[in-house]
Amino acid sequence: MMRKGYIAPSLMCVDLMNAQRDIEALEAVGSDYLHIDVMDNHFVPNITLSTDFAKAVKAITRVPLDVHLMVEDPARITIPQLSFLGPEDFISVHYEAALHPLRALSAIRQLGCRPAVAINPATPICVLEDILDDVEMVLVMTVNPGFAGQKLIPATLNKIARLRRMLDEAGHGDVLIEVDGNVSFENAVKMHAAGADVYVAGSSSVFAPGATLEENVRRFRAIIDN
Ligand code: DX5
Ligand code: ZN
């Protein structure tokens with residue numbers, strides 16, 4: 001049975017000078033989540049959006065946020081800065097960046113948000129074995145984290161399928177799998193077949209030139225609703 005797919009446009013790809021306009025368009029066309037990348041220039045070699053930006057977005061939309069923390073030691077500063085988020089919002093921490101992943105996940109839970117763990121393309125899924133009780137979603141990076149516009153690492157497709165199997169076999173079929181990185185219309189078909197649930201839509205799909213955000217979201221939804 002095919003699972004319901006959710007679309008999460010990546011706000012690092014919006015036109016920053018028209019962010020509110022784009023967010024309203026993404027809400028009107030029925031985006032399920034708004035994905036916000038927070039980077040620290042240490043865990044990844046880039047800086048994009050901030051917790052302040054997430055707060056400003058939260059104030060103007062009813063779409064749940066999906067805040068992806070690509071920062072070292074997220075429990076120290078960044079998670080406490082997200083106290084304005086609600087029970088409908090996800091916060092994901094990287095397994096590789098949290099000194100104590102369970103402590104970071106429980107800090108998210110204590111904030112009242114939905115905890116998720118993210119893994120880099122090179123991180124094997126077996127490291128998740130002992131934290132599955134503590135997450136509602138696993139974010140599988142399908143490119144190396146840090147930049148929009150990269151090419152899919154093909155081995156991650158098989159990883160999604162293996163993770164789906166691992167979750168189902170461990171009695172955690174309710175844990176969602178999110179995919180992030182070069183989730184193009186074409187790659188989404190394969191990710192959907194592999195068992196992904198939440199699709200981060202960036203420059204390769206929803207923000208691709210040549211069509212409006214609305215047209216691209218509709219085209220995307222047709223793929224994951226199949
Ligand atoms: C980083 C971001 C990017 C990006 C995705 O975690 O979430 O992966 O915006 O969009 P693409 O890869 O399609 O540019
Ligand atoms: Zn992301």
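## Sheet, zinc site and pocket

Glu-178 sits opposite Val-198 in β8. This is a predicted model, and that pairing is a handy way into its open sheet of eight strands. From there we can move on to the zinc ion (ligand 2), whose protein donors include Asp-180, and then to the largest pocket, with a volume of about 210 Å³.

**The sheet**
- Strands β7 (residues 176–180) and β8 (residues 198–201) run parallel and are joined by two bridges.
- Across the open sheet the strand order reads β1-β8-β7-β6-β5-β4-β3-β2, and the pairing is parallel.
- At the edges you'll find β1 (6–9) and β2 (34–39); each has a single partner strand, so one side of each has no neighbour in the sheet.
- Going from one strand to the next, the twist averages 25 degrees.

**The zinc site**
- Four residues act as protein donors to the zinc ion (ligand 2): His-35 through NE2, Asp-37 through OD, His-68 through ND1 and Asp-180 through OD, at 2.1 to 2.3 Å.
- Along the sequence, the spacing of these donor residues is H-x1-D-x30-H-x111-D.
- Asp-37 belongs to strand β2 and Asp-180 to strand β7, so this pair ties together parts 143 residues apart in sequence.
- The zinc ion (ligand 2) has six donor atoms with angles of 64 to 165 degrees among them, and its site is irregular.
- For reference, ideal angles for six octahedral donors are 90 or 180 degrees.

**The largest pocket**
- The largest pocket is lined by 15 residues, and the closest to its centre are Val-38, Met-39, Asp-40, Val-71 and Thr-78.
- By type, its lining splits into six nonpolar, five polar and four charged residues.

How values were computed:
Residues are numbered from 1 along each chain as its sequence is written. Chains are lettered from A and ligands numbered from 1 in the order in which they are written. This is a predicted model: local features need pLDDT of at least 70, side-chain atom pairs count only at pLDDT 80 or more; totals for chains, interfaces and linings use all residues. Side-chain values use heavy atoms; hydrogens and water are left out. On a 1 Å grid over the protein atoms alone, a cavity is a set of points where a 1.4 Å probe fits but cannot get out, and a pocket is an open set with protein on both sides within 12 Å along at least five of seven lines; lining residues have an atom within 4 Å of a point. Grid points are joined across faces, edges and corners, and a volume is the space filled by probe spheres set on the points. Ala, Val, Leu, Ile, Met, Phe, Trp, Tyr, Cys and Pro count as nonpolar, Asp, Glu, Lys and Arg as charged, and the others, Gly among them, as polar. Two strands pair if DSSP finds at least two bridges between them. Helices (H or I, at least four residues) and strands (E, at least two) are DSSP runs, numbered from the N terminus. Axes are lines fitted to C-alpha atoms, for helices over the stretch in contact, and angles run from 0 to 180 degrees between N-to-C directions. Donors are N, O and S atoms within 2.8 Å of the metal (3.2 Å for Na, K and Ca); water is not among the atoms, so sites may look incomplete. Four donors count as tetrahedral if all angles lie between 85 and 135 degrees; four count as square planar and six as octahedral if opposite donors are over 155 degrees apart and all others between 65 and 115; anything else is irregular.
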